[in-house]
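Please look through the sequence and the structure shown here before reading on. The explanation that follows moves from charged side chains to the sheet, and it is best read with the structure in view.

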Amino acid sequence: MSIREWPEQERPREKLLSRGAEALSDVELIAVLLGSGVRGKDAITLAREWLTVAGNLGTLLNDPQQMEQLPGIGPTKRARLIAALELARRALAEQLSARPGLSNPRDSGDYLRARLQHLPYEVFGCLFLDNHHRVLAFEELFRGTIDGAHVHPREVVRACLRHNACAVILAHNHPSGVAEPSDADRIVTRELCQALQLVGVRVLDHLIIGANEPVSMAARGLL
């Protein structure tokens with residue numbers, strides 16, 4: 001049975017408008033974004049197949065290369081999904097920037113999870129803050145295994161000066177989902193704290209993003 005044959009109140013778009021987006025499943029929300037299916041498959045069937053192939057919603061939206069391999073996806077549908085994800089990220093960024101100042105890891109955790117959690121590769125980035133700990137910008141600085149060979153303190157220092165930051169929150173993800181700090185994480189954090197201290201920039205925290213809540217190295221006493 002195609003979506004057009006469903007009772008009107010159960011169709012994804014109509015359900016969203018009458019009951020709110022929170023009433024829809026992940027599959028139904030994706031179907032609304034798609035707008036239509038392909039020959040032989042309605043939008044619900046297509047969305048369900050995509051989630052099955054990807055394994056979860058985050059991987060589906062955050063891995064553009066995998067997205068290109070999904071059955072029935074073309075540039076228009078792919079663009080809609082990417083645009084929806086970027087809008088969500090920007091909304092979180094606006095909320096973060098509107099805060100009078102960051103005071104604990106939870107303040108920035110949601111935004112950093114949205115940016116980094118489901119990436120299939122490691123990314124190291126920084127939240128740059130002013131002297132009142134208000135957010136100036138977020139910037140991805142390095143990709144690949146996070147160790148001394150890839151995270152260069154001089155580049156982090158240069159980025160802090162470029163943003164005129166007085167403080168910074170370091171962040172990177174563990175694609176394995178396990179957010180426990182590694183020996184390399186500890187070494188890099190110590191080196192960055194020392195380098196940034198020389199230019200008067202405080203490292204407030206280093207958040208490690210995994211499958212669950214971010215791990216704060218400051219809370220662990222590792223800064």
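In this predicted model, the side chains of aspartate 183 and arginine 186 meet in a salt bridge, with a distance of 3.7 Å from N to O. Why can these two residues be described as about one helical turn apart? They are three residues apart in helix 9, and therefore about one helical turn separates aspartate 183 from arginine 186. Aspartate 183 is exposed, its relative accessible area being 58%, whereas arginine 186, at 31%, is partly exposed. Other charged residues are linked as well, since Glu10, Lys15 and Glu28 are joined into one network by salt bridges that share partners.

A search of the whole structure finds eleven salt bridges, and two further examples can be followed along the chain. One of them is formed by arginine 13 with glutamate 14, where the closest N and O atoms are 3.7 Å apart; arginine 13 has a relative accessible area of 56%, and because exposed means over 50%, this residue counts as exposed. Another salt bridge is formed by aspartate 130 with arginine 134, and here the closest N and O atoms are 2.8 Å apart. Aspartate 130 has a relative accessible area of 13%, and because buried means under 20%, this residue counts as buried, while its partner arginine 134 is partly exposed at 37% relative accessibility.

Aspartate 42 offers a case without such a partner. This residue lies in the loop between helix 2 (26-34) and helix 3 (43-54), and although aspartate 42 is buried, it has no salt bridge. How far away is the nearest side chain of opposite charge? That side chain belongs to arginine 48, and it is 6.2 Å away, whereas a salt bridge requires the nitrogen and the oxygen to be within 4 Å. The side chain of aspartate 42 does, however, reach the backbone nitrogen of threonine 45, at 2.8 Å.

We can now turn to the sheet. Five strands form an open sheet in the order 2-1-3-4-5, and their pairing is mixed. The edge strands are strand 2 (135-143) and strand 5, each of which pairs on one side only. In general, the strands of a sheet pair through backbone hydrogen bonds, and they do so either in a parallel or in an antiparallel way.

Strand 4 is a good place to see both kinds of pairing. Strand 3 (residues 167-173) is joined to strand 4 by seven bridges, and these two strands run parallel, with alanine 171 standing opposite leucine 207 in strand 4. Strand 3, helix 9 (residues 183-197) and strand 4 together make a right-handed β-α-β unit, and this is the helix that holds aspartate 183 and arginine 186.

Strand 4 is also joined to strand 5 (residues 215-216), this time by two bridges and with the strands running antiparallel. Isoleucine 208 stands opposite valine 215 in strand 5, and a hairpin of five residues leads from strand 4 to strand 5.

Is strand 4, then, largely enclosed or largely open? Seven of the eight residues of strand 4 (residues 202-209) are buried, so this strand is largely enclosed by the rest of the structure.

Conventions:
Residues are numbered from 1 along each chain as its sequence is written. This is a predicted model: local features need pLDDT of at least 70, side-chain atom pairs count only at pLDDT 80 or more; totals for chains, interfaces and linings use all residues. Side-chain values use heavy atoms; hydrogens and water are left out. Buried means under 20% relative accessible area, exposed over 50%, partly exposed in between (1.4 Å probe, protein chains only). Helices (H or I, at least four residues) and strands (E, at least two) are DSSP runs, numbered from the N terminus. Two strands pair if DSSP finds at least two bridges between them. A crossover is right-handed if, with the strands pointing away from the viewer, the path from the first strand over the helix to the second runs clockwise. Lys and Arg count as positive and Asp and Glu as negative; His and the chain ends are not counted. A polar contact is a pair of N or O atoms within 3.5 Å; within protein, one must be able to donate a hydrogen and the other to accept it, and residues adjacent in sequence count only if both atoms are side-chain atoms.
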